[in-house]
Amino acid sequence: MILIQINHVGPVPSSYYVRDHVKVDYEYCMTVNRGSSQQLDYEILFPGCVLRWQFACEGADIGFGVFLKTKKGEWKKASEMQEVIPSQRYNAHLVPEDGSLTCEHPGVYVLRFDNTYSIFQAKRVSYTVEVLLSDQLQSQREALTNGTNGKSSNNVQAEDEQSRL
């Protein structure tokens, strides 16, 4: 029989705490009242776009999930929307959370911060959300901004030669 002995050394030094060393500047801040939730709508027009988020909260943990609905501007309960990333509680008061989702379908993606389980405490959530174009859309956009207006470089050269004549 093998005996394993675990020695408890004492409290963890404060220099080991992650939350005191990770400082992120967030674009937005909101309060999620006790017993309620807040939803953020992001309309995705093209498949392949990436929805990226970072958030932290003060006070205690916060629920977070991503949902999909069809119409922008309408408010729906979580149970009435398609669940894309299941809602779960995050200890974002201890360590900032981040994540991303490649949106396979166009629609309105809803980031939902859930505090419905909290009876006494409101949560202050700081967050940043970005919508990134897919690689294909990004290359088309760069081609347009470089003055080619979607034309191939051969067509642009041919037009330049004709304009000189």
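## A tour of two sheets and their cores

Start by selecting Glu-80, which is partly exposed at a relative accessible area of 48%. Glu-80 sits in the loop between E4 and E5. Now add Phe-67 to the selection: 13 residues separate Glu-80 from Phe-67 in sequence, and their C-alpha atoms are 9.5 Å apart in space. As you look around, keep in mind that this is a predicted model.

**The whole chain**

Zoom out and colour by secondary structure. The protein chain holds 2 helices and 8 strands. Following the sequence, you will pass through β-β-β-β-β-β-β-β-α-α, so to speak a run of strands with the helices at the end. Switch on a surface next: the protein chain exposes about 11600 Å², and 49% of that comes from carbon and sulfur atoms. Of the 165 residues in the protein chain, 28% are buried. If you draw a contact map, look at pairs with a separation of 6 or more: 82% of these contacts join residues 24 or more positions apart.

**The sheet with E2, E7, E4 and E5**

Select E2, E7, E4 and E5 together. In that order they form an open sheet of 4 strands with antiparallel pairing. Which strands are at the edges? They are E2 and strand E5 (82-90), each pairing on one side only. From one strand to the next, the twist in this sheet averages 15°.

Keep E4 and E7 on screen and hide the others for a moment. These two strands pair in the antiparallel sense over 7 bridges. A handy place to see the pairing is Leu-68, which stands opposite Tyr-109 in E7.

Stay on strand E7 and pick Arg-112. Is Arg-112 buried or exposed? Arg-112 counts as buried, because its relative accessibility is 11% and the cut-off for buried is under 20%. Show the residues around Arg-112: leaving aside neighbours within four places in sequence, Arg-112 is in contact with Ser-37, Gln-38, Gln-39, Gly-63, Phe-64, Gly-65, Phe-67, Ala-78 and Ser-87. Phe-67 is back in view here, as one of the contacts of Arg-112.

**The sheet with E1, E8, E3 and E6**

Now select E1, E8, E3 and E6. This is an open sheet of 4 strands in the order E1-E8-E3-E6, again with antiparallel pairing. E1 and strand E6 (97-102) stand at the edges with a single partner strand each, so one side of each has no neighbour in the sheet. Here the twist averages 25° from one strand to the next.

Zoom in on E1 and E8, which run antiparallel and are joined by 5 bridges. Look for Cys-29, which stands opposite Ser-126 in E8.

**The nonpolar cores**

Show side chains next. The largest nonpolar core has 24 residues, and those with the most contacts inside it are Trp-53, Phe-55, Leu-111, Phe-113, Val-125 and Tyr-127. Strand E1 (28-32), strand E2 (37-44), E3, E4, strand E7 (107-114) and strand E8 (123-132) each supply at least two residues of this core. Apart from this core lies another, of 5 residues, among them Ala-78, Met-81, Val-108 and Val-110.

Centre the view on Tyr-127. Which residues does Tyr-127 touch, not counting those up to four places away in sequence? They are Tyr-26, Glu-27, Tyr-28, Cys-29, Met-30, Leu-40, Tyr-42, Gln-54, Phe-55 and Phe-113.

**The cysteines**

Select the cysteines. How many disulfides does a search of the whole structure find? The search finds 0 disulfides. Cys-103 is in no disulfide, and the nearest cysteine sulfur, that of Cys-49, is 6.9 Å away. Cys-103 counts as buried, with a relative accessibility of 0%. Cys-57 is also buried, at 6% relative accessibility.

**Last stop: a loop residue**

Finish at Asp-61, in the loop between strand E3 (50-58) and strand E4 (62-69). Although it is a loop residue, Asp-61 is buried, with a relative accessible area of 14%. Display its surroundings and you will find contacts with Arg-89, Tyr-90, Asn-91, His-93, Tyr-117 and Lys-123, once residues up to four places away in sequence are set aside.

Technical notes
Residues numbered from 1 in each chain as written. Predicted model: local features only at pLDDT ≥ 70, side-chain atom pairs only at ≥ 80, totals over all residues. Heavy atoms only, no water. Buried < 20%, exposed > 50% of the residue type's maximum accessible area, 1.4 Å probe, protein only. Contact = heavy atoms within 4.5 Å. Areas by Shrake-Rupley, 256 points an atom, 1.4 Å probe, with all protein chains shown as cover. Disulfide = S-S within 2.5 Å. Core = buried A, V, L, I, M, F, W, Y, C linked by side-chain atoms within 4.5 Å. Pairing = 2+ DSSP bridges. Axes fitted to C-alpha atoms, helices over the stretch in contact; angles between N-to-C directions.
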